[in-house]
Protein chains: 2
Amino acid sequence: MILDSNDISAMTTRNRAALINSLSGYKSANLIGTTNSRGETNLAIMSSVVHLGSHPPLLALIIRPGDDERHTLSNLLETGYYTINHVSEGLISAAHQTAARYQQYESEFEATGLSEEWKNDFKAPFVTEARVKLGMRFREHQVLEINGTNLIIGEVELIEAPEDSFREDGSLDLTVADTVALSGLDSYHKPTTLKRMAYAKPDLPPRELD
Amino acid sequence: MILDSNDISAMTTRNRAALINSLSGYKSANLIGTTNSRGETNLAIMSSVVHLGSHPPLLALIIRPGDDERHTLSNLLETGYYTINHVSEGLISAAHQTAARYQQYESEFEATGLSEEWKNDFKAPFVTEARVKLGMRFREHQVLEINGTNLIIGEVELIEAPEDSFREDGSLDLTVADTVALSGLDSYHKPTTLKRMAYAKPDLPPRELD
């Protein structure tokens, strides 16, 4: 089935959002933890954390204007810190529920039954129940003129992950860490590993690792 | 296991790249198709396509400086068009091989055995063998000062996906489309659906769809 720009424009807002959100492929599922200077905490599920570079270790985060940016954006700009916590299988329902429109004085931690974990004077709450937790220092904020979306860039200052998920080459095995993937607006997936590929070279055919 | 900034800095370049590339969670796996004015085509695997907005339908793409930006970036800036093709299970080896350092006059299509598909005067080649194919019009290019990474924003002008992967709500079922997910630098995964969650509301507990 083929859709062109006219077909896409003609869709209802809701159906178009469901479709366009499916197009990028599988997405990361992360809980972003923040606090403000009054100590009110916030936790928000986001599907747009992406790798930006390894040295320095940088991740980018897209925060949509409107509802999504409430609290998370103002908090991280205020304190300069935030946490990224992988959603694992047991956390899906609570993680998804953080997207509900709670008031600023209501913490999504309390509302969803997840627990705040404070580490090393780090100025943002981690999710105790998460298996992979990243402490992030805010580095840069840009508002993309094309649609008012916020691009947040942060540097990884702390990494916590289960001992047995670290491979010898330094990478994390996300299937061992029990991390889930998102697709579209509402689908949560458990990935299994098909293969690992060796570094590609023009004069060699594709080879699997191991 | 916990690593701080000093631990991260102390890692070898290769191990740090493997680790930091694992941190964002699961990533999209897409082949980016382009051509230049001499008709030389290029195909490159990228793991950083992210949703930016639905109206207009916008996707962002991070292109690392150096090797990754060769050909893909110059081509799409020259023609104003590119394609995004989901990597499906049968395409993993060929898709991964496009990351090899081929010369500009060598097309990754030919080198990897994938076929070019030209549609509706669209000025970039699609991958015939892909099941989900997007025709993209280039809208914006920013070089992120923090590490020289390129942020490319494009508008979706054409969507092709298998008839049976479209759900009634407009979304695509990526498990039906056979799309795979990436993690780290080299791991390819097949996701299965755990659950779909209903729209979250503060006064209702989390509910599964269906």
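Guide: To compare copies of a chain, they are superposed by least squares on the C-alpha atoms of residues with pLDDT of at least 70 in both. The pLDDT enters because this is a predicted model.

Visitor: What turn and what shift lay chain A on chain B?

Guide: A turn of 180 degrees, with a shift of 0.0 Å along the axis, lays chain A on chain B at an RMSD of 0.0 Å. The two copies are therefore related as by a two-fold rotation axis. The same surface serves both copies, since 99% of the contact residues of chain A recur in chain B.

Visitor: Which residue of chain A comes closest to the rotation axis?

Guide: That is A:Pro191, whose C-alpha lies 1.9 Å from the axis.

Visitor: How is the radius of gyration of chain A to be read?

Guide: It is set against a rule for globules. For 210 residues, a compact globule would have a radius of gyration near 17 Å; chain A has 18 Å, so the two agree. Along the principal axes, the C-alpha atoms of chain A fill a box of roughly 60 × 50 × 30 Å.

Visitor: How many helices and strands does chain A have?

Guide: Chain A has six helices and 13 strands. Of its contacts between residues at least 6 apart in sequence, 58% join residues at least 24 apart.

Visitor: What share of chain A counts as buried?

Guide: Buried means under 20% relative accessible area. By that cut-off, 60% of the 210 residues of chain A are buried. The area that chain A exposes is about 8300 Å², and carbon and sulfur atoms supply 46% of it.

Visitor: Which residues of helix 2 of chain A are buried, and what covers them?

Guide: In helix 2, residues 13–20, the buried ones are A:Arg16, A:Ala17, A:Ala18, A:Leu19 and A:Ile20. Their cover comes from both chains: it includes strand 1 (2–4) and helix 1 (5–10) of chain A, and strand 5 (49–54), strand 6 (57–63) and strand 11 (149–160) of chain B.

Visitor: Is A:Ala100 buried or exposed?

Guide: A:Ala100 has a relative accessible area of 5%, so it is buried. The residue sits in the loop between helix 4 (92–97) and helix 5 (108–112) of chain A.

Visitor: Which residues is A:Ala100 in contact with, leaving aside its neighbours within four places in sequence?

Guide: They are B:Ala200, B:Lys201 and B:Pro202. Within its own chain, A:Ala100 is 56 residues from A:Ala44 in sequence, and their C-alpha atoms are separated by 9.0 Å.

Visitor: How far apart are the mean positions of the positive and negative charges of chain A?

Guide: The mean positions of the 19 positive and 30 negative charges are 3 Å apart.

Key
Residues numbered from 1 in each chain as written. Chains lettered and ligands numbered in written order. Predicted model: local features only at pLDDT ≥ 70, side-chain atom pairs only at ≥ 80, totals over all residues. Heavy atoms only, no water. Helix = DSSP H or I, 4+ residues; strand = E, 2+ residues; numbered from the N terminus. Rg over C-alpha atoms; globule rule 2.2 N^0.38 Å. Buried < 20%, exposed > 50% of the residue type's maximum accessible area, 1.4 Å probe, protein only. Contact = heavy atoms within 4.5 Å. Areas by Shrake-Rupley, 256 points an atom, 1.4 Å probe, with all protein chains shown as cover. Lys, Arg positive; Asp, Glu negative; His and termini not counted. Charge placed at Lys NZ, Arg CZ, Asp CG, Glu CD.
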